[in-house]
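User: I am new to this structure and would like a close look at a single part of it, followed by a careful account of what surrounds it. Please start wherever the backbone deserves attention and go on from there at an unhurried pace.

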Amino acid sequence: MMGNPRETILNLALVLLLAAIPLVATGMGEPFYVTLATRMAILALAAVGLNFLLGLGGLVSFGHAAFFGIGGYVAGIAATHAFNAEPLLFGLPGTNQMIVIWLAAVLLCGLAALAIGVISLRTSGVYFIMITLAFAQMIYYFAISWPAYGGEDGLSIYVRNGFPGVNTLNGLHFFYLCFGLLLAALAVFSVLRNSRFGAALEASRQNQQRLAAVGIAPFRVKLVAFAISGMITGLAGALFADLNRFVSPSMLSWHMSGELIVLIILGGTGRLFGPVAGAMVYVLFEFYLGGVTERWQFFLGLILLGVVLFARGGVVGLIAGKARHG
Amino acid sequence: MAEPILDIRNLNKSFGALKATDNVSLDLRPGEIHALIGPNGAGKSTLIHQIAGSLRPGSGTIRFLGRDIGALGVPERTRLGLGRTFQISSLAPDYSALRNVMLAVQARQGTSFRFVKAVMRDRSLRDPALEALERVGLAERAHVSAAELSHGERRQLEIAIALALGSKAFLLDEPMAGMGPEGSKALTTFLDGLRAEAPILLVEHDMDAVFALADRISVLVYGRVIATGTVEEIRHNPDVRQAYLGEEG
């Protein structure tokens with residue numbers, strides 16, 4: 001929101017830093033760091049989606065891997081059919097065009113989120129966490145047992161999908177494509193948060209009884225938020241599959257859902273750039289600590305414990321102070 | 001006599017063997033303050049919950065503006081014009097007083113599914129919200145978060161929200177609770193004027209306020225209305241004296 005200059009400066013710094021990493025890396029002839037930065041951008045995008053639901057709406061979905069994975073499989077399946085020149089559905093061909101894939105992923109994830117949301121949003125608290133987990137696990141096991149698209153082994157994308165005017169095979173170009181989508185998602189997040197819908201959603205987190213008492217039914221607000229959230233995370237999934245040129249059931253697993261929650265807590269729950277800060281810190285840990293020890297997640301756990309105990313606002317909260325709500 | 005705004009007939013609600021609401025009938029007429037009093041545990045809150053829609057009655061009818069609202073939920077009843085305040089303030093704590101009222105304004109306009117325009121720059125939300133805050137004397141505290149408001153100020157904010165909703169009847173659940181004598185006095189004056197705008201069903205323990213304000217009083221004891229009448233009638237009703245007022249001297 002307006003009026004926190006420190007947060008604005010931090011946000012700008014994060015944007016510039018993330019944008020600069022691949023440039024510097026390319027200059028130094030270290031293409032691996034470009035991939036690392038792309039991973040940061042895509043995970044951040046996925047977490048922006050979850051942050052909308054969890055940060056603004058206070059709804060802890062432990063099943064967002066469902067949307068991340070569905071997005072990934074849309075990219076994988078479409079590319080496979082295009083590569084083999086086999087029709088996909090109702091005689092429609094596959095495609096290797098990212099724009100089409102993104103639209104399909106967003107649409108499908110929106111529908112899936114509506115279906116999952118209609119049922120899970122009737123519960124709250126721990127039950128909501130468990131039922132969203134259950135739905136994601138259903139889709140996970142479905143993917144494992146579906147041999148047509150690789151089952152447990154996953155599905156390879158032989159050539160990264162294309163985007164008009166961009167050479168997506170070039171890591172730097174692909175990074176800026178993902179980075180651009182991340183910025184767009186952040187803009188959407190910010191506009192939505194400041195809108196009337198955002199006010200209703202934030203009020204549903206703070207006090208549902210109050211929201212109902214002014215005449216706004218909390219269920220509809222939360223359902224729409226759930227759909228928007230799933231759509232953003234699904235888009236990130238499609239990009240993630242294209243980054244790795246591979247999609248497997250692990251994108252749908254509960255570890256992934258947990259990772260997204262961890263990102264948000266690390267970065268700052270409900271803060272615009274929380275997911276970005278969280279994803280950058282997380283991927284750095286994963287890489288550097290992962291290089292030192294296989295048990296890097298133990299140390300991540302310690303850090304997470306520290307954040308939860310001593311820095312509830314995550315990285316953004318630590319640097320920029322408490323959130324203001326106008 | 002004018003058609004009642006709110007008309008409750010033969011309402012019953014039991015929790016197990018306990019009859020919390022026992023064949024209650026009462027109405028609220030245009031321009032009046034109808035006070036609902038009774039000792040603790042008499043079932044006042046249960047009754048308010050049923051009127052507001054957060055609790056389903058066991059049997060009986062609730063008509064509001066001539067319409068049976070028994071099957072409607074809380075949001076629908078609010079949109080019809082039933083504005084309530086809570087016994088224990090229920091607000092969005094992170095939001096400023098202004099934003100709390102702005103939420104009511106947008107709800108009244110039915111525009112919560114607009115996704116683009118920023119609320120803080122939206123005069124069609126801010127102006128009515130500020131006006132409501134001004135009416136309850138909270139304009140200077142508009143930008144303080146609800147969590148940081150004093151207890152009494154939160155009570156005022158609850159009323160500002162009900163005002164901003166453009167309510168056609170007010171359901172005020174102990175608006176004076178926990179307020180100092182100054183605050184109670186100011187609120188009494190305010191409510192006195194408010195009845196011309198919309199009638200008030202007032203649940204209140206502050207007997208000075210009740211006797212100063214009420215056009216009619218209903219006395220609830222063990223879930224039953226044992227008497228309804230003017231202040232004078234209630235003061236001299238032997239049953240009421242015995243059941244309720246007598247205990248307080």
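**Two asparagines, then the spaces in both chains**

Analyst: In this predicted model, B:Asn10 belongs to β1 of chain B, a strand that covers residues 6–15. The backbone of B:Asn10 has a phi near 50 degrees, which is a positive value in a residue that is not glycine. That deserves a closer look because most residues other than glycine have a negative phi. As for its surroundings, B:Asn10 has a relative accessible area of 39%, and it therefore counts as partly exposed, the class between under 20% for buried and over 50% for exposed.

A second asparagine of chain B can be read alongside this one. B:Asn23 sits in strand β2, which comprises residues 18–28 of chain B, and its phi is likewise positive, near 50 degrees, in a residue other than glycine. With a relative accessibility of 43%, B:Asn23 is also placed in the partly exposed class.

Chain B also holds some enclosed space. Three cavities of 30 Å³ or more are present in the structure, and the largest cavity contains about 40 Å³. Its lining is made by B:Ala52, B:Val74, B:Arg77, B:Thr78, B:Leu82, B:Gly83, B:Arg84 and B:Leu171. Two elements of chain B, α2 (74–80) and β6 (82–85), are the ones that give two or more residues to this lining. Sorted by class, the residues around the largest cavity are four nonpolar, two polar and two charged.

Turning to chain A, the space to follow is an open one. The second largest pocket has a volume of about 720 Å³, and 26 residues line it, with A:Val74, A:Ile77, A:Leu88, A:Leu89 and A:Leu108 lying nearest its centre. Several elements of chain A, namely α3 (65–84), β1 (87–89), β2 (92–93), α4 (98–120) and α5 (125–144), each contribute at least two residues to that lining, and the greatest share, eight residues, comes from α4(A). In character the lining of this pocket comprises 24 nonpolar residues and two polar ones, with no charged residue among them.

One residue of helix α3 in chain A can be examined singly, and this is A:Ala82. Its relative accessible area is 27%, so A:Ala82 is classed as partly exposed. When neighbours within four places in sequence are left aside, A:Ala82 is in contact with A:Gly94, A:Thr95 and A:Asn96. Further along the chain, A:Ser156 is 74 residues away from A:Ala82, and the C-alpha atoms of the two are separated by 13 Å.

These local details can be set within chain A as a whole, which has 13 helices and four strands. The C-alpha trace of chain A spans about 55 × 50 × 40 Å along its principal axes. For its 326 residues a compact globule would have a radius of gyration near 20 Å, and the value of 19 Å for chain A agrees with this. Of these residues, 57% count as buried. Where contacts in chain A link residues at least 6 apart in sequence, 79% of them join residues at least 24 apart. Finally, the accessible surface of chain A amounts to about 13700 Å², and carbon and sulfur atoms account for 70% of that surface.

Conventions. Residues numbered from 1 in each chain as written. Chains lettered and ligands numbered in written order. Predicted model: local features only at pLDDT ≥ 70, side-chain atom pairs only at ≥ 80, totals over all residues. Heavy atoms only, no water. 1 Å grid on protein atoms, 1.4 Å probe; cavity = no way out; pocket = protein on both sides within 12 Å on 5 of 7 lines; lining within 4 Å. Points joined across faces, edges and corners; volume = space filled by probe spheres on them. Nonpolar A, V, L, I, M, F, W, Y, C, P; charged D, E, K, R; others polar. Rg over C-alpha atoms; globule rule 2.2 N^0.38 Å. Buried < 20%, exposed > 50% of the residue type's maximum accessible area, 1.4 Å probe, protein only. Contact = heavy atoms within 4.5 Å. Areas by Shrake-Rupley, 256 points an atom, 1.4 Å probe, with all protein chains shown as cover.
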